[in-house]
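Trainee: Could we go through this model together, beginning with the overall fold and then turning to the empty space inside?

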Amino acid sequence: MEGCGSVGMTLLLWFACGVLSTMGALVYAELGTAVPRSGGEHAYLTYTFASTRDPARGVSRGGVGRVPVFLFDWLGLLIIRPTMFALVSMALGTYIVKPFFPSCDPPPIAVKMITFCAMCLISFLNCWSVRMATSVQNVCTFTKLTALVIVAVGGVVELCKGETENFAEPFADTSTSPGTVAIAFYNGLWAFDGWNSLNFVTEELKNPSRNLPLAIIVGIPLTTLCYVMANVGYLAVMSKPEIIESHAVAVRWGEVMFGPYMSWLMPFFVVASTFGAANGCLFASGRLSYVAGREGYFPQVLGFISLHSLTPVPAILFTLAIATCLVIPSDLGLLIDIFIFASWLFYGLTTLSLLILRWKEPHLHRPYKVPLFVPVLMLLACMYLLVAPIIQNPAGSGSFTLLILAVGLLVYFPFIHMHLKLPGMDQVTAFLQRLLTIVPTRQD
């Protein structure tokens, strides 16, 4: 709302975010069925840029394109995945604490403590059992959809009562700055992010060539409809200034719709929803760390799994540690901007890899094949989302992200290209094996 400037532009942007996320997910569906390995972008960038193909020997790793694969892992493990986990967990902490401070913002220390406890609980669930983590995810997803339906229905009821003043001039005060609109896109795309999570666990899916595209084609359009209708529900009850100034929109909406005695209902739904989102984020993040460690781009101990639960315990704990460090400063706006810029940088590179494979390997078996215009539009959208914010604010999140990539290059050449080892890593690995009861896995 703040970046769009108007009600109409806000709703159009939510719809556009859904369309863009659907296009990205369809691109990933083709890659996920053509290269059915866990790790998401890591697997596709490795296959496209870091693999050599010999008709006699098949596919082997080790091409000159290992740099983009490592940079994705570097940014993904240190910024993208932990930042997403931290942001969703902080939203959870905010909505747990907010009802106890109805007339003011909750104390940051209280939010951070609840956030840390929630992250530890989610990490424990993912370390303990894959089945438990997926069961929690199913329950929380249902709860999230229930909350969105409640908001949407409540808004429709208010509209039927004649509460339409917020829609009287839908495009008044619309922003005309491409950079500002791109930042608004960032905030909308943040809500949709996770559309690529299934690609991180392709090896664990049953019949991925059928179920991966099906989940995308059904799930993301349904999510888009829910988000658009939920925003209609908010706007039917709250004015534009109220939404912009509120730090917990669902809490305020619940107070207006249900009164003070039932105002806890919406925070409850939001907490359950964010718990599920954080759980799903960590589930995918742990698999990326696991694959990066297994293939030698990060310390190999990250590729070890628990002897008892067969879960990637070191990878999960690594993500938890990084996310905890990100929670301490708690600059949510900067974290969101950095997360989205970094994510869409590699979404664009991954989309480019699909186009490269279409050209280099036209006969590659593709159980699902997306129409060519979809990756082309996706690539153009990624370029816009990367360039416009840098033009708007040259010293902002884009420049910071590029600086982190430059540091990654300095790490790559001695430790990946030249295979140098940090002193004492073997001793650390042996200690963690005994402490966590973890073992290496065989790599195909």
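Mentor: We will take the overall fold, then a pocket, then a cavity.

Mentor: This is a predicted model, in which local features need pLDDT of at least 70 and side-chain atom pairs count only at pLDDT 80 or more, while totals for chains, interfaces and linings use all residues. Residues are numbered from 1 along each chain as its sequence is written, and side-chain values use heavy atoms, with hydrogens and water left out.

Trainee: How many helices and strands are in it?

Mentor: The protein has 15 helices and four strands, taken as DSSP runs numbered from the N terminus (H or I, at least four residues, for helices; E, at least two, for strands).

Trainee: And why does the radius of gyration agree with a compact globule?

Mentor: For 444 residues a compact globule would come out near 22 Å, and the protein has 22 Å, so the two agree; the radius is taken over C-alpha atoms, and the globule rule is 2.2 Å times the number of residues to the power 0.38. Along the principal axes, the C-alpha atoms fill a box of roughly 70 × 50 × 45 Å.

Trainee: What share of the residues is buried?

Mentor: Of the 444 residues, 52% count as buried, meaning under 20% relative accessible area with a 1.4 Å probe and protein chains only.

Trainee: Switching to pockets, which residues lie nearest the centre of the second largest one?

Mentor: Gly296, Phe298, Pro299, Gln300 and Phe415 do, out of 24 lining residues. On a 1 Å grid over the protein atoms alone, a pocket is an open set of points with protein on both sides within 12 Å along at least five of seven lines, a cavity is a set where a 1.4 Å probe fits but cannot get out, and lining residues have an atom within 4 Å of a point.

Trainee: How much space is in that second largest pocket, and which element gives the largest share of its lining?

Mentor: The second largest pocket holds about 630 Å³, a volume being the space filled by probe spheres set on grid points joined across faces, edges and corners. The largest share of its lining, four residues, comes from α3.

Trainee: What about cavities, how many are of 30 Å³ or more?

Mentor: The count comes to one cavity of that size, and the largest cavity has about 50 Å³ of space. Ten residues line the largest cavity, with Glu41, Phe72, Ile80, Asn196 and Tyr347 closest to its centre, and α3 and α12 (332-360) are the elements that give two or more residues to that lining.

Technical notes. Buried < 20%, exposed > 50% of the residue type's maximum accessible area, 1.4 Å probe, protein only.
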